[in-house]
Amino acid sequence: MEVNGIVLSPDPRLRQECKPIEEITPEIEALAERMKREMFENAGVGLAAPQIGELVQMVVIDTDYESADDYDPIVLINPVIVEQSDHLVPFSEGCLSIPGVSCEIKRPDRVVVEAYDLDANLMRYEAEGGVFCVCLQHEIDHLHGITMFERLEPAQRMHAMREYQEALRRGARPGETE
């Protein structure tokens with residue numbers, strides 16, 4: 001199921017391993033632009049390609065924008081976490097593919113990610129604490145078929161899934177959290 005261009009859980013596309021991008025083509029550039037548009041239109045701060053039904057390893061992120069005037073997402077192609085801290089801290093997360101719900105998820109509080117940009121330059125992003133750190137991990141999870149539900153303990157997962165079903169009954173849309 002899709003709403004506002006966003007694939008919603010439990011769509012099987014969200015549980016699949018995505019293919020690496022071998023070459024930056026005009027189609028890949030167009031996909032990046034589509035992802036940027038969909039993320040903005042749904043008030044997201046991060047979006048992975050499978051969330052719009054494309055099973056390739058691409059992510060867009062902009063955790064700082066306040067309006068269209070300062071909206072400028074980064075594009076990460078084939079992102080990989082190359083370093084992460086052992087220190088796990090709880091972060092409250094939402095997901096465009098699981099509207100109406102936020103979950104507390106324990107994640108490393110520091111990560112280093114390497115990815116290619118649209119010019120095929122290898123980029124390195126370091127993040128410690130905060131939304132950008134969480135967003136990098138959350139979106140990279142999507143590329144490997146992992147949603148925030150899989151990061152929860154079994155009892156938490158059952159509770160979150162019940163909340164999600166209720167949110168869907170209420171008509172929650174992408175970009176809405178509790």
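These legends go with close-up views of a predicted model.

**View 1. The open sheet and its strand order.** Start here to get your bearings. Five strands make up an open sheet, and reading across it you meet them in the order β3-β4-β5-β8-β9, with antiparallel pairing. The strands β3 (46–48) and β9 (122–128) sit at the edges; each has a single partner strand, so one side of each has no neighbour in the sheet. From one strand to the next, the twist averages 40°.

**View 2. A helix laid over the sheet.** Now bring helix α1 into the picture. This helix covers residues 26–41 and lies across β3, β4 (58–61) and β5. Against β4, helix α1 runs at about 40°.

**View 3. Where β5 meets β8.** Strand β8 spans residues 110–116 and pairs with β5 in the antiparallel sense, over 5 bridges. Two pairs of residues are handy for finding your way along this seam. Isoleucine 77 stands opposite tyrosine 116 of β8, while glutamine 84 has valine 111, also in β8, as its bridge partner.

**View 4. The hairpin of β8 and β9.** Move across to the other partner of β8. Here β8 and β9 pair in the antiparallel sense, this time over 7 bridges. One facing pair to look for is valine 112 and glutamate 126, the latter in β9. The two strands form a hairpin, with 5 residues between them. In that turn, have a look at alanine 120, with its positive phi of about 65°.

**View 5. Leucine 76 and its surroundings.** This close-up settles on one residue of strand β5, leucine 76. Is leucine 76 buried or exposed? With a relative accessible area of 1%, leucine 76 counts as buried, because that value falls under the 20% cut-off. Which residues are in contact with leucine 76, leaving aside its neighbours within four places in sequence? The list includes Gln57, Met58, Val59 and Ile61, and also Val113, Ala115 and Tyr116. Tyr125 and Leu136 are in contact with leucine 76 too. For a sense of scale, try glutamate 166: this residue is 90 places from leucine 76 along the chain, and the C-alpha atoms of the two are separated by 33 Å.

**View 6. The largest pocket.** Next comes some empty space. The largest pocket has a volume of about 410 Å³. Its lining is made of 19 residues, and those nearest the centre are Val45, Glu93, Gly94, Cys95 and Val131. Both β6 (88–93) and α2 (130–143) supply at least two residues each to this lining, and α2 gives the most, with 6 residues. Sorted by class, the lining has 8 nonpolar, 8 polar and 3 charged residues.

**View 7. The second largest pocket.** The last view shows a space of about 350 Å³, the second largest pocket. Of the 15 residues that line this pocket, Leu88, Ile105, Lys106, Arg107 and Arg151 lie nearest the centre. Which elements each supply at least two residues of its lining? They are β5 (74–84), β6, β7 (103–108) and α2. The largest share comes from β7, with 5 residues. By class, the lining of the second largest pocket divides into 6 nonpolar, 3 polar and 6 charged residues.

How values were computed:
Residues numbered from 1 in each chain as written. Predicted model: local features only at pLDDT ≥ 70, side-chain atom pairs only at ≥ 80, totals over all residues. Heavy atoms only, no water. 1 Å grid on protein atoms, 1.4 Å probe; cavity = no way out; pocket = protein on both sides within 12 Å on 5 of 7 lines; lining within 4 Å. Points joined across faces, edges and corners; volume = space filled by probe spheres on them. Helix = DSSP H or I, 4+ residues; strand = E, 2+ residues; numbered from the N terminus. Nonpolar A, V, L, I, M, F, W, Y, C, P; charged D, E, K, R; others polar. Buried < 20%, exposed > 50% of the residue type's maximum accessible area, 1.4 Å probe, protein only. Contact = heavy atoms within 4.5 Å. Pairing = 2+ DSSP bridges. Axes fitted to C-alpha atoms, helices over the stretch in contact; angles between N-to-C directions.
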